[in-house]
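User: I am new to this structure and would like a careful, close look at a single part of it. Please describe the largest pocket, starting with the terms needed to follow what lines it.

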Amino acid sequence: MSNKKKKKLTPTQQEYHDFAKMREPKRPILKNCLWAFFVGGFICLLGQIIQNFFLWNFEFNERTAGDPTVAILILISVILTSIGVYDHIAQRAGAGTAVPVTGFANSIASAAIEHRSEGYVLGSGSKMYKLAGSVITFGVVAAFVIALIKTTITLLGGS
Amino acid sequence: MEIYFWAFLVGGLICVIGQLMFDLAKLTPAHTMSILVVVGAILGGLGLYEPLIDFAGAGATVPITSFGNALVKGALQEAENTGLVGILTGIFEVTSAGISAAIIFGFIAALLAKPKG
């Protein structure tokens, strides 16, 4: 809670707030970070293996091999999500499963599956972007602003 | 062979940054992911993300920061060819594979799978 909000509370509420904060279980930060490091690192290692597989066995170059790699990783992630394994790993790995592109796919697939009881159009179809939506929105807006600035500089004759 | 080591190390470290944003900054996953994408876009705009990809391979292309970088890259590439309108038409050019795959596979999963737990 921010300090500004805190000032509006009555003394009793403040006391309770401090009490609740004290009783909150401490997060095992080091353990979480180790899990995130090894699981996240493993997913990237897997990505590298898949990418090299495409590089060596098909006609891809360094740049284009990324596309099938991401697609395969997403497919694996969605399958693991469907059978309930991905979320099981995610409980331990935290950001290790959320930050890689597999986490992006997991957020879409799990929301799509979760909301299918509300129908394919109003449930899955619209609510699958619950978490992915904010990522796409902020990514696109930021990319637009940055590209606009860079292009303007170039057009004005800068470097 | 070295690339596997760097992919593991750099990819793992980016995930640790995400974990610290969860635990220390107490951010929600949605906030963390949005910030990482914007950071990736800024690094891409400054021209710092491509060297990281050359160095760490999938360690840099698999984390979500790469999504921000790819959005900027697509927009800039297209802007070079067609001017300012290119920013709008090019933004999804590089990331199309990831977004399309996630949407298509995700929807098929919803058709086939039932909620667990």
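Analyst: A pocket is an open set of points on a 1 Å grid over the protein atoms alone, where a 1.4 Å probe fits and protein lies on both sides within 12 Å along at least five of seven lines, and its lining residues have an atom within 4 Å of a point. This is a predicted model, in which local features need pLDDT of at least 70 and side-chain atom pairs count only at pLDDT 80 or more, while totals for chains, interfaces and linings use all residues. Residues are numbered from 1 along each chain as its sequence is written, chains are lettered from A and ligands numbered from 1 in the order in which they are written, and side-chain values use heavy atoms, with hydrogens and water left out.

The largest pocket encloses about 720 Å³ of space, a volume being the space filled by probe spheres set on the points, which are joined across faces, edges and corners. Its lining is made up of 32 residues, and those closest to its centre are Arg63(A) and Gly66(A) from one chain, with Thr61(B), Ser66(B) and Val94(B) from the other. Two or more lining residues come from each of α3 (29–57), α4 (66–82) and α7 (101–114) in chain A, and from each of α3 (49–56), α5 (65–82) and α7 (96–112) in chain B, where helices are DSSP runs (H or I, at least four residues) numbered from the N terminus. The largest share belongs to α5(B), which supplies six residues. Sorted by class, the lining of the largest pocket holds 14 nonpolar, twelve polar and six charged residues, with Asp, Glu, Lys and Arg counted as charged, Ala, Val, Leu, Ile, Met, Phe, Trp, Tyr, Cys and Pro as nonpolar, and the others, Gly among them, as polar.

The second largest pocket can be set beside it, with a volume of about 380 Å³. Here 20 residues form the lining, and the closest to the centre are Gly103(A), Asn106(A), Ser107(A), Leu131(A) and Pro29(B). The elements that contribute two or more residues to this second lining are α5 (85–93), α6 (95–98) and α7 of chain A, together with α2 (29–45) of chain B. In this second largest pocket α7(A) gives the most, with seven lining residues, and the lining by class is eleven nonpolar, six polar and three charged residues.
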